[in-house]
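Let's take a walk through this protein together. Have a look at the sequence and the model first, then read on.

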Amino acid sequence: MDNGAVTNLQPDEYPVFSQAEMTLRRRRVEVAMSEHQIDHLIVYGSNRSGTAVQWMTGWPVTREAALVRTRDERDALFLQFYNHVPNAERLASECDVSWGGASTIQSVIEEVSRRGGGRVGLIGPMGYKDHARVEAGFQATVDLDSTYTRLRLVKSSEEMEWMRRGSELSDRAIMAIRTHAHPGTDERELGAIVEAAYLPEGGTNHIHYFGVTSMEAPDRCVPSQWPSTRKLQPGDALTTEISASWWGYPGQVLRTMTVSSEPTTLYRELHDVAEAAFDAVCAVIRDGATSRDVVEAAGLIGDAGFTIYDDLVHGFGGGYLDPVIGRSLRMGGPEPDTVFQAGMTVVVQPNVTTIDSKAGVQTGGLVAVTTSGVETLQRSPRGLWHLD
């Protein structure tokens, strides 16, 4: 599972991006601020949600974090809780890091006012009460969430290196299931197996979803987000969706496994169609390809008498990104009008299911878009796996 050379990922205490990379990000953000005639930018995150704070500062959000950015001034980062400040000072070394006080948003409002006020851009999952307070404090606010998302679609060379590291850790996790899971292992234990594979390497959990059902009497077609006490039994199918993250840069690998038995005819057919769909979709994705190209390539799923439940393709790395493709295949809805660009990272994940949604399989993983096709970032073996 050699994903290529991955260098300079863990200097000193924590992995960091180069000064050149962070300067480039700042310039791109400030260009967007100028385009929207923004004087100041407030970037918000809470409860480990809100990728923009980490992308701009290096600090992964914990309880709450809010960044104030103004051209030609040093960034100010405000945190809850007080005891999180020392760690943030190490990770967000290019910012002035402060405790947010009794109200982080009030501290932010006061900082923006001290800097002169004016038009304020907003990024991140800010609650409605805090949003209303910001709006009341300044002459105008501008939602820049979609602008930020567009900045994350194409990865820099350094970001791509971190995506490869997240992919490698995700592969470690899925291979650990193949090695250590067996009849009698329950879904909670599967999570422990997964996390043990990457925690010692500095990885963190992004998601690990499992779906366990009898192949003879299936009752689920897609993995569940919360693990149950259901134990693996001979004759089961196990579907998985695994993402280990390297400091905000996750991989994603999806595999289906049978437990102590050969696949039934239905599950073999489902998986054969899923594998064919993965190959067909990857064959058309390249710089300049469109969402319509992907939908046409995946038409073989419907031709085989099956459908999908999950999205077929979605951007990844910095959020659940465009293009999100597959709505027309499962419900006849519109697809995004997206053109792929070299440097995008997307998950191709054919979740092929029966029409009644009782049986389904998962396969696929993270790929990088290039000028001539895709680079597969997940290196764990493909195919329908067997657990003894």
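Strands here are DSSP runs of E with at least two residues, numbered from the N terminus. That is how proline 250 gets its address: it sits in strand β9, which covers residues 249–250. Keep in mind throughout that this is a predicted model.

**The whole thing**

Let's zoom out before coming back to that proline. The protein's secondary structure adds up to 12 helices and 18 strands. Its C-alpha atoms fit a box of roughly 70 × 40 × 40 Å along the principal axes. How does the radius of gyration fit with a compact globule? For 388 residues, such a globule would come out near 21 Å, and the protein has 22 Å, so the two agree.

Of the 388 residues, 54% are buried. The accessible surface is about 16,500 Å², with 49% of that belonging to carbon and sulfur atoms. As for contacts with a separation of 6 or more, 65% of them are between residues 24 or more positions apart.

**Helix α8 and its two sides**

Now to helix α8, residues 187–198. Which of its residues are buried? They are Glu187, Leu190, Gly191, Ile193, Val194, Ala197 and Tyr198. Looking down the axis of α8, these buried residues fall within an arc of 160 degrees, so they line one face of the helix. What do they pack against? The partners are α7 (157–180), β7 (204–214) and β8 (236–246).

Turn to the face of α8 that points away from the buried side, and you'll find the exposed residues Arg188 and Ala192. Arginine 188 also shows up at the start of the helix: there, a side-chain oxygen of aspartate 186 comes to within 2.9 Å of the backbone nitrogen of arginine 188.

**Strand β5 and its neighbours**

Strand β5 spans residues 119–123, and four of its five residues are buried, so the rest of the structure largely encloses it. It pairs with strand β1 (residues 40–46) in the parallel sense over four bridges. One place to spot this pairing is valine 43, whose bridge partner in β5 is isoleucine 123.

Strand β5 also pairs with strand β6 (residues 140–143), again parallel and over four bridges. Here glycine 121 stands opposite valine 142 in β6.

**Four buried residues, one by one**

Here are four residues worth clicking on, with their relative accessible areas. A residue counts as buried when its value is under 20%.

| Residue | Relative accessible area |
|---|---|
| Threonine 354 | 11% |
| Proline 250 | 3% |
| Aspartate 75 | 3% |
| Glycine 326 | 0% |

Back to proline 250, then. Leaving out residues up to four places away in sequence, it touches Met163, Gly166, His206, Ser243, Ala244, Ser245, Phe316, Gly317 and Leu366. How far is proline 250 from glycine 319 in space? Their C-alpha atoms are 9.6 Å apart, although 69 residues separate them in sequence.

Aspartate 75 belongs to strand β3, residues 75–80. Which side chain does it meet at 3.0 Å? That is arginine 26, and the two side chains make a polar contact. Another polar contact, at 2.6 Å, joins the side chains of aspartate 75 and arginine 69. With residues up to four places away in sequence set aside, aspartate 75 touches Arg26, Leu67, Val68, Arg69, Cys95, Asp96 and Arg115.

Threonine 354 lies in the loop between β15 (352–353) and β16 (364–369). Not counting its neighbours within four places in sequence, threonine 354 is in contact with Leu266, Leu270, Phe306, Thr307 and Ala359.

Glycine 326 is in a loop too, between β13 (320–325) and α12 (327–331). Once its neighbours within four places in sequence are left aside, glycine 326 is in contact with Ile308, Leu312 and Glu335. Glycine 124, by comparison, is 202 residues away from glycine 326 in sequence and 26 Å away in space, C-alpha to C-alpha.

Technical notes:
Residues are numbered from 1 along each chain as its sequence is written. This is a predicted model: local features need pLDDT of at least 70, side-chain atom pairs count only at pLDDT 80 or more; totals for chains, interfaces and linings use all residues. Side-chain values use heavy atoms; hydrogens and water are left out. Buried means under 20% relative accessible area, exposed over 50%, partly exposed in between (1.4 Å probe, protein chains only). The arc is that of the directions from the helix axis to the C-beta atoms. Contact means heavy atoms within 4.5 Å. A polar contact is a pair of N or O atoms within 3.5 Å; within protein, one must be able to donate a hydrogen and the other to accept it, and residues adjacent in sequence count only if both atoms are side-chain atoms. The radius of gyration is taken over C-alpha atoms; the globule rule is 2.2 Å times the number of residues to the power 0.38. Accessible areas come from the Shrake-Rupley method with a 1.4 Å probe; for residues, only the protein chains shown count as cover. Two strands pair if DSSP finds at least two bridges between them.
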